[in-house]
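Got your viewer ready? Set it to cartoon, keep the selection box handy, and follow along stop by stop.

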Amino acid sequence: MNRVTQLLGIQYPIVQGAMQEVATAELAAAVANGGGLGIIAAGGKTAEEVRAAIKKARTLTDKPFAVNLMLMDPNTPAIVKVIIDEKVPIVTTGAGTPKNYMADLKAANIKVLPVVPNVKIAKKMEALGCDAVIAEGMEGGGHIGTLTSQVLWPQIADAVSIPLIAAGGIGDGRGMVSAMVAGAEGVQCGTLFSIAQESPVGDQWRQAVVAATDSSTVVVGSTIRDASRMLMNHKAEALSALEAQPVSRETFNDAMSVGLRSAVHEDDATDGVIFSGAVAGLIKEAKPAAAVIQQLMTEAEAIINHQKIELS
C-alpha cells in the first residue's frame with residue numbers, strides 16, 4: 001500500500017485513462033473490480049447521462065470509481081452538481097483548471113486529481129489543494145502536451161509533495177517500474193484499457209491497436225495548439241490535411257469528435273479516429289480489465305524482485 005492506493009481506496013496503484021466515448025460505466029466498473037481505479041468520462045455528455053452512468057456503475061461494482069471532468073465542456077457546472085449529489089468519491093480533470101469547482105468538491109470530501117502537462121501547472125494544482133496530480137507525457141493517446149514522460153515525471157516528482165500518478169507511454173510492467181523509479185506512486189493507462197474486453201470499442205479498433213507497431217501513431221493538431229495522438233489511418237491523414245488549410249480549433253475539434261464517435265460506435269477503423277498511445281506496438285492481445293491489471297502487477301513485481309542491473 002502506498003499514498004495513491006490509500007488516497008483512492010484501491011488495491012493496486014493503477015488508474016484507467018479517462019477516454020472520451022470509451023471510458024464507460026461498464027469499463028470503469030470492470031477496472032474497479034480488478035483492483036484499480038476505473039473512470040467514467042463525462043466529456044461530451046449531459047448531466048443526466050453522467051448520472052445514469054454513475055448509477056449503472058454502482059450496479060456493477062461496490063468499489064470506488066471516479067468521474068473525469070473535461071473542464072472546457074459547457075455542461076461541467078451541471079455535471080459537478082451531479083457528482084456531488086451522487087457522492088462520487090474521486091474526480092479527475094482535464095482541459096482547464098478545476099479552480100472554480102474546488103470549494104464545492106472539497107466541501108463534499110471529493111478527491112481531485114488533475115491531469116497536468118508540465119511542472120508549472122502541477123505546482124499550481126498543488127497550491128489549489130488538489131490531492132494528487134496525473135502527469136501525462138506526449139507518448140500518450142488522445143490530447144497531449146509537449147514533454148516526454150521520462151523528462152516530465154521526475155521533474156514533477158521533485159516539484160510537488162502530493163502523490164504523482166504517471167501517464168503516457170505505459171504499456172507493460174517495465175513502463176510501470178520506470179514510472180515508479182521516476183518518482184510516481186501510481187500509473188494511469190489508456191491504450192491498454194481501451195481494448196479491454198469490457199470497453200465499448202469494436203473488433204476493428206481492437207485489431208488496429210494489436211496490429212500496431214512502434215511507428216503506427218501520428219500526432220495531429222499541433223499547429224493549432226490542440227495536439228492529439230492517434231493511429232495512422234485515412235481519417236488521421238484527412239485531419240492533417242484539414243489542419244494545414246489552416247482551420248479554426250473549433251472546426252478541427254468538431255471533425256475529430258465526429259471521427260471518434262464513428263470509430264467507437266460504428267467500429268470504423270478507416271474513417272474513424274482511434275486515439276492510441278505510442279505503446280500500441282507493445283500490446284499483442286485484448287484481455288479483460290482485471291487481467292490487464294494483474295499482468296501489469298505481475299510484470300512489475302518480477303522486475304523489482306529479480307532484475308539485476310550492472311553498470312560496470
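Here is a tour that goes from the whole chain to a few chosen spots.

**Before you click**

This is a predicted model, where local features need pLDDT of at least 70 and side-chain atom pairs count only at pLDDT 80 or more, while totals for chains, interfaces and linings use all residues. Numbering runs from 1 along each chain as its sequence is written, and side-chain values use heavy atoms, with hydrogens and water left out.

**The whole thing**

Start with everything selected. You should be able to pick out 13 helices and eleven strands; these are DSSP runs numbered from the N terminus (helices are H or I, at least four residues; strands are E, at least two). The C-alpha trace spans about 55 × 50 × 40 Å along its principal axes. The radius of gyration is 18 Å, which agrees with the value near 20 Å for a compact globule of 312 residues; that radius is taken over C-alpha atoms, and the globule rule is 2.2 Å times the number of residues to the power 0.38.

Color by accessibility next: 53% of the 312 residues count as buried. Buried means under 20% relative accessible area, exposed over 50%, and partly exposed in between (1.4 Å probe, protein chains only). Now for contacts, meaning heavy atoms within 4.5 Å. Among those between residues at least 6 apart in sequence, 61% join residues at least 24 apart.

**Helix 2**

Select residues 25–33. Seven of the nine residues of helix 2 are buried, so this helix is largely enclosed by the rest of the structure. Show side chains for A25, L27, A28, A29, A30, V31 and A32 to see the buried set. What lies over them? The cover for these buried residues includes strand 1 (14–16), strand 2 (38–41), helix 3 (47–60), helix 9 and helix 13 (289–306). Just past the helix comes G35, with a positive phi near 105°.

**S194**

Helix 9 was on that list, so hop over to S194, which sits in this helix (residues 191–194). Is S194 buried or exposed? It counts as buried, at 1% relative accessibility. Its side chain reaches the backbone oxygen of T191 at 2.8 Å. Leaving aside neighbours within four places in sequence, S194 is in contact with M19, V22, S199, V201 and W205. Draw a C-alpha to C-alpha distance to A18 as well: 9.8 Å in space, for a pair 176 residues apart in sequence.

**E86**

Next, select the loop between helix 4 (76–85) and strand 4 (90–94), where you'll find E86. This glutamate is buried, with a relative accessible area of 11%. Which residues does E86 touch, not counting those up to four places away in sequence? They are R51, I54, K55 and R58. Zoom in on R51: its side chain and that of E86 are joined by a polar contact of 2.8 Å. A polar contact is a pair of N or O atoms within 3.5 Å; within protein, one must be able to donate a hydrogen and the other to accept it, and residues adjacent in sequence count only if both atoms are side-chain atoms.

**H143**

Last stop: strand 7 (residues 142–143), home of H143. At 41% relative accessibility, H143 counts as partly exposed. Its side chain makes polar contacts with the side chain of D226 at 3.2 Å and with that of S228 at 3.0 Å. The residues H143 touches, beyond those up to four places away in sequence, also include E136, A227, N253 and M256. Finish with M230, 87 residues from H143 in sequence but 9.2 Å away in space, C-alpha to C-alpha.
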